[in-house]
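Me: Please examine the structure shown below with me, one question at a time.

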Amino acid sequence: MSRFSVRLKELRAEAGLRQCELAQSLNVDQRTVSNWEKGVREPNIDTIIKIAKYFETSTDYLLGVID
């Protein structure tokens, strides 16, 4: 599992969101969020930026560059 997938799942859980709620906020399908969290796929850079803004964190944190 990638650091991205682990951190995304942690951030979503800490925010008390279900996958479908996050998916709706990001304008993607719930299965897409599920695949990101399982490490099956990763979002493109534009979506990573959108996720970072949504959770008020940095892209570096999401990608595991910094802790």
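**Helix α3 and the aromatic rings**

Me: In this predicted model, which residues of helix α3 are buried, and what do they line?
Reply: Within helix α3, residues 30-38, the buried positions are Val33, Ser34, Trp36 and Glu37. Viewed down the axis of α3, these buried residues fall within an arc of 160°, so what they line is one face of the helix.

Me: Which exposed residues does the face of α3 turned away from its buried side carry?
Reply: The buried residues of α3 pack against α1 (3-14), α2 (19-26) and α4 (45-54). On the face turned away from that buried side, the exposed residues are Arg31 and Lys38.

Me: What is found at the start of α3, and what phi does Gly39 take just after the helix?
Reply: At the start of α3, a side-chain oxygen of Asp29 comes to within 2.8 Å of the backbone nitrogen of Arg31. Just after α3, Gly39 has a positive phi of about 80°.

Me: How are the rings of Tyr54 and Phe55 arranged, stacked or edge-to-face?
Reply: The count of aromatic pairs comes to 1. The ring centres of Tyr54 and Phe55 are 5.0 Å apart and the planes stand at 85°; planes over 60 degrees apart count as edge-to-face, so this pair is edge-to-face.

Me: Is Phe55 buried or exposed?
Reply: Tyr54, at 34% relative accessibility, counts as partly exposed. Phe55 has a relative accessible area of 13%, and the cut-off for burial is under 20%, so Phe55 is buried.

Me: Over the ring of which residue does the charged end of Arg7 sit?
Reply: The charged end of Arg7 lies 4.2 Å from the centre of the ring concerned. That ring belongs to Tyr61.

Note on methods: Residues are numbered from 1 along each chain as its sequence is written. This is a predicted model: local features need pLDDT of at least 70, side-chain atom pairs count only at pLDDT 80 or more; totals for chains, interfaces and linings use all residues. Side-chain values use heavy atoms; hydrogens and water are left out. Buried means under 20% relative accessible area, exposed over 50%, partly exposed in between (1.4 Å probe, protein chains only). Helices (H or I, at least four residues) and strands (E, at least two) are DSSP runs, numbered from the N terminus. The arc is that of the directions from the helix axis to the C-beta atoms. Contact means heavy atoms within 4.5 Å. A polar contact is a pair of N or O atoms within 3.5 Å; within protein, one must be able to donate a hydrogen and the other to accept it, and residues adjacent in sequence count only if both atoms are side-chain atoms. Rings of Phe, Tyr and Trp (its six-membered ring) pair if their centres lie within 6.5 Å; planes under 30 degrees apart count as stacked, over 60 as edge-to-face and the rest as tilted. A charge sits over a ring if NZ of Lys or CZ of Arg is within 6 Å of the ring centre and within 35 degrees of the ring normal.
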